[in-house]
Amino acid sequence: MELWEVLQVSPIYMIAVSYFMGNLLFVGSMKPVCLIVLGMAGSGKTSFVQQLTSKLHSTNKPPYVINLDPACREVPYPVNIDIRDTVNYKEVMKQYSLGPNGGIVTSLNLFATKFDQVIKLVEKRSTNTDLAIFDTPGQIEVFTWSASGTIISETLAALFPTVVVYVIDIVRSVSPVTFMSNMLYACSILYKLRLPFIVVMNKIDVVRHDYAVEWMRDFDAFEAALSNDSSYNANLSRSLSLTLDEFYKDLNAVGFSAVTGEGFDEFLAAVDAAVVEFETEYCPEYERLKKLQMEARVKHKAKQMKKFEEDVESEAVGGDSINPIFLNNSNLFSAEDERMASKSFHEFLEEQRKKQQSKSNNAPS
Ligand SMILES: Nc1nc2c(ncn2[C@@H]2O[C@H](COP(=O)(O)OP(=O)(O)OP(=O)(O)O)[C@@H](O)[C@H]2O)c(=O)[nH]1
């Protein structure tokens, strides 16, 4: 490992980065790191979380574990928060007349409405937990493409250093075409969630992951693996491999065995690097987007204020258009009218005075 790489994962680097970012991110890095564990059904997510949890317990750094899979039968590790305690998946299916996938999505949506409580509990554990691990449903799209998945991942990322852990079954990926499908999925999740990303190549106790690392680093090796295949899928995989070159370059991939625990240290090192990436790349981007949003909000407010003022002004102008009516009406009584009115009033008084006088003259003495 080169000095730069060692520095990158060291706490000193984190302090320096935080210092330069000037927004006390180091304080943020004292918070537990949230790992969102995703992967296709059967890739070994639950076994991975189980192995990780038991290793962390044995190193006296117990993680805070959250199960987000409402449909799993049992959770084979000590879990701190279990979605099944809050939402009854079968009842949800019955009440809303849903199938299994709809039931999982709805259960997750219902749980997302209570996610602030989960956040509070994770925050409470900040002082004695380094990692908060979120195990997700096997139907990966339920989390990655649902509103609740977005809410959960964005809320976590706004409050804690958050890393996506994508578990792939390395035994089932030995075919270059299957490997490519898996990588495309990984790529789509990365661009959807836009968070630091670690690919865990699981089950290395059965098949070593070296072949996959070579395919990612060397296009010729991937092409050689496809040399005997001239099908449409193979040709497509070939060109996609070139396209994914940029994606592979920055990809953090580690081999792991959820059965033996091999790869544990490499995985923790990858998490440290991902946290640095979170703080140096995600946070400034998040701050930039937040600033843009604030600016847009202020602009919108100013626009509304201006519109309001214009409305008030036009009403005032409208008022003027009423006032002149009164003014005009008052103009109806011109000086001549007033003179006439005053003259007739004087004439009236004179008449009355004369009448009074003649009455008093005719009166018997
Ligand atoms: N040999 C070997 N088998 C593994 C490993 N990890 C998981 N398995 C096996 O793979 C199968 C699926 O593992 P799970 O942990 O249930 O996979 P999952 O991704 O949680 O599956 P879903 O809950 O359906 O999403 C189980 O039979 C595990 O025993 C591993 O590292 N090595």
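In which helix does Thr-53 lie? Thr-53 lies in helix 4, which covers residues 45–58, where helices (H or I, at least four residues) and strands (E, at least two) are DSSP runs numbered from the N terminus. The model shown is predicted, and local features need pLDDT of at least 70, side-chain atom pairs count only at pLDDT 80 or more, and totals for chains, interfaces and linings use all residues. Residues are numbered from 1 along each chain as its sequence is written, and side-chain values use heavy atoms, with hydrogens and water left out.

**View 1. Surroundings of Thr-53 in helix 4.** With a relative accessibility of 1%, Thr-53 counts as buried, a term that stands for under 20% relative accessible area, whereas exposed means over 50% and partly exposed lies in between (1.4 Å probe, protein chains only). When residues up to four places away in sequence are not counted, Thr-53 touches Pro-63, Val-65, Tyr-77, Pro-78 and Ile-133, a contact being heavy atoms within 4.5 Å.

**View 2. The open sheet of seven strands.** The strands follow one another in the order 3-2-4-1-5-6-7, and their pairing is parallel; two strands are taken to pair if DSSP finds at least two bridges between them. Strand 3 (81–82) and strand 7 (252–256) stand at the edges with a single partner strand each, so one side of each has no neighbour in the sheet. Strand 1 (residues 33–39) and strand 5 (residues 162–169) pair in the parallel sense over six bridges, and Val-37 stands opposite Val-165 in strand 5. Strands of a sheet pair through backbone hydrogen bonds, in either a parallel or an antiparallel manner.

**View 3. Helix 14 and its buried face.** The twelve residues of helix 14 (residues 232–243) should span 16 Å at 1.5 Å a residue, and the end C-alpha atoms are 17 Å apart, which agrees; the expected span is 1.5 Å times one less than the number of residues. Ala-234, Ser-237, Arg-238 and Ser-241 are the buried residues of helix 14. Seen down the axis of helix 14, these buried residues fall within an arc of 105°, so they line one face of the helix, the arc being that of the directions from the helix axis to the C-beta atoms. Tyr-232 and Thr-243, on the other side of helix 14, are exposed. The buried residues of helix 14 pack against helix 11 (176–193), helix 13 (219–225) and helix 15 (245–249).

**View 4. Ser-237 within helix 14.** Ser-237 has a relative accessibility of 4% and therefore counts as buried. Leaving aside neighbours within four places in sequence, Ser-237 is in contact with Val-177, Met-180, Phe-222 and Leu-226.

**View 5. The salt bridge between Asp-130 and Lys-61.** The closest N and O atoms of Asp-130 and Lys-61 are 3.6 Å apart, and a salt bridge is defined here as a side-chain nitrogen of Lys or Arg within 4 Å of a carboxyl oxygen of Asp or Glu. Asp-130 lies in the loop between helix 8 (115–124) and strand 4 (131–135), while Lys-61 lies in the loop between helix 4 and strand 2 (64–67), so the pair ties together parts that are 69 residues apart in sequence. Asp-130, at 43% relative accessibility, counts as partly exposed, and Lys-61, at 47%, also counts as partly exposed.

**View 6. Salt bridges within helix 16 and helix 17.** In helix 16 (residues 264–332), Glu-287 and Lys-290 lie three residues apart, about one turn of the helix, and form a salt bridge whose closest N and O atoms are 3.9 Å apart. Glu-287 is partly exposed at 34% relative accessibility, as is Lys-290 at 38%. In helix 17 (residues 335–362), Glu-350 and Arg-353 are likewise three residues apart and thus separated by about one helical turn, and the closest N and O atoms of their salt bridge are 2.5 Å apart. Glu-350 counts as partly exposed at 32% relative accessibility, and Arg-353 counts as partly exposed at 46%.

**Overview. The protein as a whole.** The protein has 17 helices and seven strands, and buried residues make up 38% of its 365 residues. The structure holds ten salt bridges. Among contacts between residues at least 6 apart in sequence, 74% join residues at least 24 apart.
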